Every structure is written in structure tokens, then in C-alpha cells.
Amino acid sequence: GNGTWVTVGDNGSIYTSDESSCTFITSRTTVDFNELYYGNSTFVALGDNGTILSSTDGITWTKRISGTTDRLYSGIYRNSNFVAVGVNGTLLTASDATSSSTWTSNRTYTQDAYSTSSVNTHFYGIAYGNSIWVIIGQSGNIYTTSCLLYTSDAADEGLGVDLGGRR
């Protein structure tokens, strides 16, 4: 963002580059980071133990209150919201990732269109397009805002991912 390149990794490592040099940044944490994304002029790093750090310049990082100790795997900024997903069906949102406000848990996605029970699976990725939120879950399951869109036949049997699958 803004001509600054940032990458995150294991043991709290954060590196920034302005294309002329690379700098190691002290994050003051030793957790493994799983995701870094950029939106609304803000970098957001997600990691183990519910760790969320944010920065507007890629150099100064501030820990945010996630309200969870679950591992966070993926995030995105869309529709004026920062979103993070992770294990145990964790889905967090925040309208401002730079304030001291707490991220809000939003476990509102359901197993299928006819179910009112919340998802109890791990979420590994999230995307948004054409006014549809999509979450990639455990065993190859794909969730949209209101339903389980795809599951593999093998996942139903506990055997892993089968690319044949069904809708």
C-alpha cells in the first residue's frame, strides 16, 4: 500500500520495503502470522492466538483486541469493513482497524439454507465479489452468505477432498 511493501511470517516477523531497502520491524509478539492484507490505507496482520496487528505505514504496528484466542487464517477489506476468519468458525469484523475498538464476533453463517445452526468448522479463506461473500472451510467446504455451496463427497465420508464433489 502507498509504495510500501510488507510481509509477515513466523515468530512475529514483519518486514517492510520501499523498493530501495528491506527493514525488519519489531512486532512485540512471537506468534506466527498467517495473513496480511491492506484496505482503507491500513495494513492488517492476522495470526495465531487471535492476534491482530494494524499499521497505517507498515512500520508502527499496534495490537488490536480480537476477543478470541482462535488462530486467524485469512482476511479482507470490503464494504467498509475489515473481516477476519479462522478456526472454530471464527468470523470477526471491524469498521476501523486503526482504532482501539474491539473486533466483533459474527458467527452468522449457517450450514445450509434450511439450517439455523452456526458453522462449526475451520475457515481458511475469505473472498468477496459480485455482492457475494465466500468462505473456504475445512474439508473443501465452500460457504456463501447463507448456505453451504459445495462439499466434497470424500469430505462427507471423512476421507479428504474429492475434486468430483457435489453442489
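In the hairpin of E5 and E6, four residues sit between the strands, and Asn 49 takes a positive phi near 60°. Strands here are DSSP runs of E with at least two residues, numbered from the N terminus. Bear in mind that this is a predicted model, where local features need pLDDT of at least 70, side-chain atom pairs count only at pLDDT 80 or more, and totals for chains, interfaces and linings use all residues. Residues are numbered from 1 along each chain as its sequence is written, and side-chain values use heavy atoms, with hydrogens and water left out.

Back to the hairpin. Strand E5 covers residues 42–47 and is joined to E6 by four bridges, the two running antiparallel. Two strands count as paired if DSSP finds at least two bridges between them. Across this pairing, Leu 46 stands opposite Ile 52 of E6.

Strand E6 itself spans residues 52–55. Ile 52 and Ser 54 point one way, Leu 53 and Ser 55 point the other way, and all are buried. Buried means under 20% relative accessible area, exposed means over 50%, and partly exposed is in between, using a 1.4 Å probe and protein chains only.

E6 also has three bridges to E7, again antiparallel, and there Leu 53 stands opposite Lys 63. The hairpin of E6 and E7 has six residues between the strands, and Gly 58 is the one with a positive phi near 80°.

E7 (residues 62–64) also holds Arg 64. What is the nearest side chain of opposite charge to Arg 64? That is Asp 96, but it is 7.1 Å away, and Arg 64 is buried with no salt bridge. For charges, Lys and Arg count as positive and Asp and Glu as negative, while His and the chain ends are not counted. A salt bridge needs a side-chain nitrogen of Lys or Arg within 4 Å of a carboxyl oxygen of Asp or Glu. The side chain of Arg 64 does have a polar atom 2.9 Å from the backbone oxygen of Thr 98.

How many salt bridges does a search of the whole structure find? It finds one. Asp 48 pairs with Arg 71, with the closest N and O atoms 2.8 Å apart. The pair links distant parts of the chain, 23 residues apart: Asp 48 is in the loop between E5 and E6, and Arg 71 is in the loop between E7 and strand E8 (72–78). Asp 48 is buried at 13% relative accessible area, whereas Arg 71 is partly exposed at 35%.

Now for the other end of the numbering. Three strands form an open antiparallel sheet in the order E1-E2-E3. Its edge strands, E1 (5–8) and E3 (22–25), each pair on one side only. The twist averages 20° from one strand to the next, with angles taken between N-to-C directions on a scale from 0 to 180 degrees, using axes fitted to C-alpha atoms. Four bridges join E1 to E2 (residues 14–17), and Trp 5 has Ser 17 in E2 as its bridge partner.

Most residues other than glycine have a negative phi. Two residues that go the other way are tabulated here.

| Residue | Phi | Location | Relative accessibility |
|---|---|---|---|
| Asn 11 | positive, about 55° | loop between E1 and E2 | 58%, exposed |
| Ser 139 | positive, about 60° | loop between E13 (132–137) and E14 (142–144) | 36%, partly exposed |

Notes. A polar contact is a pair of N or O atoms within 3.5 Å; within protein, one must be able to donate a hydrogen and the other to accept it, and residues adjacent in sequence count only if both atoms are side-chain atoms.
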